[in-house]
Amino acid sequence: MARKSKIPTDMSALFNSTSGTLAQIAAKTNFLTVLADIVRQICPDLPADVWKIANFKANAIVIEVNSAVWSQRLQFERMNICRELSEVTNNEFNQIEIKITPFRTKIPEKTVIPNAINSTISARTAAQLLAVARSAPDSLRKKLEKLASHAKK
């Protein structure tokens with residue numbers, strides 16, 4: 001059997017190749033950037049964080065927006081965007097779907113759970129635990145004494 005070459009391959013060759021998964025991802029990313037630039041040029045007053053190009057299918061591009069207000073803004077410019085899209089993509093994409101996803105940017109709130117270790121017991125409770133510990137077996141007595149030591153001092 002022939003020995004395999006141990007010469008490393010150049011990583012730029014992976015990015016610049018015209019076939020393969022990485023090349024397809026790079027091509028789609030560049031294409032999405034071009035589409036986003038078209039929308040950005042036609043609607044310069046649209047903030048970048050309220051919309052995104054979510055997908056493209058068949059002959060339509062799906063744009064997600066945060067609220068109905070921004071959806072209406074894109075509706076007003078729909079024909080201009082469609083015209084520009086068909087020019088740039090050689091009539092491959094000529095429709096726009098605008099979807100409202102109001103909860104896309106919401107961050108889930110973290111619930112704070114009180115820490116049980118930091119809680120203390122009263123001196124009276126500690127005294128009662130020590131009284132019970134006197135008549136308890138050794139293993140239980142040690143645990144009750146440890147618990148009683150958490151009393152406020």
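The following exchange treats the salt bridges and the sheet of this predicted model.

The model is predicted: local features require pLDDT of at least 70 and side-chain atom pairs pLDDT 80 or more, whereas totals for chains, interfaces and linings use all residues. Residues are numbered from 1 along each chain as its sequence is written, and side-chain values use heavy atoms, with hydrogens and water left out.

Visitor: How many salt bridges does the structure hold?
Guide: A salt bridge requires a side-chain nitrogen of Lys or Arg within 4 Å of a carboxyl oxygen of Asp or Glu. Under that criterion, the count for the structure is 6.

Visitor: Which residue forms a salt bridge with R40?
Guide: Helices (H or I, at least four residues) and strands (E, at least two) are DSSP runs, numbered from the N terminus. R40 lies in helix α2 (residues 21-42), and because its partner is 3 residues apart from it in that helix, about one helical turn separates the two. The closest N and O atoms are 2.6 Å apart, and the partner is D37.

Visitor: Is R141 buried, partly exposed or exposed?
Guide: Buried means under 20% relative accessible area, exposed over 50%, and partly exposed in between, with a 1.4 Å probe and protein chains only. R141 meets E145 in a salt bridge at 3.6 Å, N to O, and the two are 4 residues apart in helix α6 (residues 138-148). At a relative accessible area of 26%, R141 is partly exposed.

Visitor: Which residues are joined with D45 into one network by salt bridges that share partners?
Guide: The side chains of E77 and R73 meet in a salt bridge of 3.2 Å, N to O. Both E77 and R73 are buried. The residues joined with D45 into one network are R73 and E77.

Visitor: Which strands stand at the edges of the sheet?
Guide: Two strands pair if DSSP finds at least two bridges between them. The open sheet has 3 strands in the order β1-β2-β3, with mixed pairing. Each edge strand has a single partner, so one side of each is left without a neighbour in the sheet; these strands are β1 (51-57) and β3 (95-100).

Visitor: At about what angle does α2 run to β1?
Guide: Axes are lines fitted to C-alpha atoms, for helices over the stretch in contact (heavy atoms within 4.5 Å). Angles run from 0 to 180 degrees between N-to-C directions. Helix α2 lies across β1 and β2, and its angle to β1 is about 125 degrees.
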